[in-house]
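These are my notebook entries on a structure that is new to me. I set out to look up its enclosed spaces, its ligand site and one annotated region.

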Amino acid sequence: MKILKFFLMISLLLSSTEILKAQSIIWTEVEPGIWKGVIGKPEEFDLLKVAGAQPYYAGLQQMPKVTFPLAQDEIIGRVQDGKTYLRFPLERKEQIFGFGLNFQTVFQRGKVLSLHVDNYAGKDNGRTHAPTPFYVSSNGYGVFINSARYINVYAGTAVRRDSKTVPDVQDRNLDKNWNSHPYSDGVEILVPAAGVEIYVFAGPTTLDAIRRYNLLNGGGCLPPRWGLGFTQRMQRLTDAQGVAAEAQAFEEKGYPLDFIGLEPGWQSKSYPCTFEWDKTRFPDPKTLVQDMLKKNIRLNLWTNPYVSPEAPVYKDILPYSGSHTVWNGIVPDISMPEARKIFFGELEKGKIDIGVSGYKMDEVDGGDNYLWPDVAVFPSGHDAEQMRQTYGLMMQRYTSEIYHNRNQRTFGLVRASNGGGASFPYVIYNDYYDHRDFITALVNSGFAGVLWTPEVRSSKTAEEWLRRFQSNVFSPMAMINAWASGTKPWSFSEVAEQVKTMANLRMQMMPYWYSEFAKYHFEGIPPFRAMYLEDGFTNTEARSENKKLNLEENPYEEAATKEVKDQYMAGEYLLVAPMFAGQTSRKVILPKGKWYDFYSGKYAGNGEVINVTPGLDKIPVYVKDGGIIPMMPVMLHAPKAGQKVDIEVKYYGEQPGTYSLYDDDGETYDYEKGNYAFRKITVIKLNGKLKGAITPAPKGKPDNVGKVTFKAMTEL
Ligand code: GAL
């Protein structure tokens, strides 16, 4: 009997270890500091392939040499019943960031997420416009799951019996320190497919891991210069005269304007869409577009992809569309070349080919109550889930390819993206309109390989209007989206001048923004990013303890952590700390090293928390010691290709300063063929005097730099 029991126990033990036993993963270094691991049989239709991502080798080549950043035997995986189970180790002090465009949280350790393309609905649960399956660690590495599936993530929440660091068992009856979230030492991921490709990115820093990810995607996008100016999206149902009048009003009032967005109404019908100009409102679109171009103002067109039965392309595209409709429009299966030819041909014909500068591709994210359901089928055989995860990516890829083929850059908007899309010249937006959460999204965009705009629509007060506008000027796309409200920059007369000053500042800073985007492209550095990626940054504020021991309301109390999500880095040298309506002062955490006020050049602090009261006119911005901000004169439109522009180099602090100023024609893709220049600016203080220099434009390369002057912002 005893012997029988013994054998029973042994076999039970063996079978349970069998359950936990996993397949080891073979890792191959596919690019410098990037390893690919394959488990099971990965699906053909993955994010990187759908995005057509091509690594930017020259950028990757420049990154430091590194070794595999994790213990390989601690990364385990297993394929069972058509699903892939993955586990990655976590150390005790490690924090993780990423998992897409989150709006309320920056720390992802302790989260359970279902990564699913969707319209953001107010909770960071994985359902968002860009649920990029990519995370980075404070230990300086990153992980990407190359799957176009809904992915479940247990980001340091699940506790395994066989874990290396099993948490102590506590007794809630009497132990006051009982924790509803026992310590977890792993990220566990469930991919609903019988295999997957995984990428691991080494650092050494967290930012380096992000850079490698972006460079694997082809490098970040480089917008045309005009994309970094100001854009106004007009009220729906505007007509051609309205567009001309808008352009004139901006000019007369002296507000900068680079492109106008047309919202629903340029098409004869929308929701579902016909993709043809409305003949009454726009009888001669070609003349309008060309007249606007003469004034240096471009047009961008709103659309969603849902095809009206009255659209000229309806019949042709019907055989290549999904089983379900969206707002009674058919959904082209743009994963099929046949559908693409018709659909993107229609976006080009009479639009791009008459000079339209780009698109805003709306409602490719969700929500569930209007989008195709998960039971929908598509003629390509890709299922509804795969289409949902990639529709935004495909819209970006195939529209940008049209522009690329014309050697013309575009910069537009999209409401869904995913892993693989960092090189697409599109900015994400949504309808959620919470100023604070918009800033947190800006912070998180840098972890997700996407760009995000905290757009301005309307406001309850002049104060709110100005505060929102100030943040927007320090973002990838400075934009008013007046589709519903019809607002203009001068709508609140009390602050119309302050708004103009901010819009002008955006234009003056164009050489800086443009150079920072060049670094996104060539070096993979996100232009807008979290403080956590900045050297010398530590959150010196105490963690707030949320010990709410109300067992009815909060039986498994959420862990309270204090995150820094209301200030961010903009480019190499700037720290931006937005103000929100109702606030007169705020705390700003300055990383180690000296920081200076952007406007006055005065010393602001060093590795400390400062309290600032900037007044209504200013958004707090700080510059790193030795910081250089190249500025141009105020212009109403971005400089054109070949137009020489004077540069004033603003220098802050006391350390010697250096800057890489980027230059190219600003409009074409010739930079891909080497037709660009990085010019080195250096500034030093010598015997109480400023000495500045800039290297000459290399022979045969574009040179748009006019007279260069140097200005010490901090007293010498
Ligand atoms: C929304 C979009 C808005 C606006 C509107 C027009 O889906 O987020 O920015 O374009 O559609 O109907």
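Entry 1, cavities. I first fixed the term: a cavity is a set of grid points where a 1.4 Å probe fits but cannot get out, and its volume is the space filled by probe spheres set on the points. I note that the model is a predicted one. I found that the largest cavity has a volume of about 140 Å³. The structure holds four cavities of 30 Å³ or more.

Entry 2, lining of the largest cavity. I listed 14 lining residues, and those nearest the centre are Arg-225, Pro-511, Val-645, Ile-647 and Asn-704. Helix H13 (510-523), strand E32 (645-651) and strand E33 (657-663) each give two or more residues to this lining. By class, I recorded 10 nonpolar, two polar and two charged residues in the lining.

Entry 3, ligand. Which residues are closest to the ligand? I noted Glu-263, Tyr-271, Lys-360, Glu-363 and Asp-431, out of 13 that surround the ligand. This shell comprises seven charged, five nonpolar and one polar residue. I then looked up polar side-chain atoms facing oxygen atoms of the ligand: the distance is 2.4 Å for Glu-263, 2.7 Å for Lys-360 and 2.9 Å for Asn-481. The ligand taken alone exposes 310 Å², of which the protein buries 95%.

Entry 4, annotated region. In an unreviewed entry, UniProt lists residues 647-700 as "domain: DUF5110". Over residues 647-700 I read 52% strand and 0% helix, with the end C-alpha atoms 21 Å apart.

Key: Residues numbered from 1 in each chain as written. Predicted model: local features only at pLDDT ≥ 70, side-chain atom pairs only at ≥ 80, totals over all residues. Heavy atoms only, no water. UniProt positions renumbered as here; feature names shortened; annotations may be inferred. Helix = DSSP H or I, 4+ residues; strand = E, 2+ residues; numbered from the N terminus. Near = heavy atom within 4 Å. Polar contact = N/O pair within 3.5 Å; in protein donor to acceptor, adjacent residues only side chain to side chain. Areas by Shrake-Rupley, 256 points an atom, 1.4 Å probe, with all protein chains shown as cover. Nonpolar A, V, L, I, M, F, W, Y, C, P; charged D, E, K, R; others polar. 1 Å grid on protein atoms, 1.4 Å probe; cavity = no way out; pocket = protein on both sides within 12 Å on 5 of 7 lines; lining within 4 Å.
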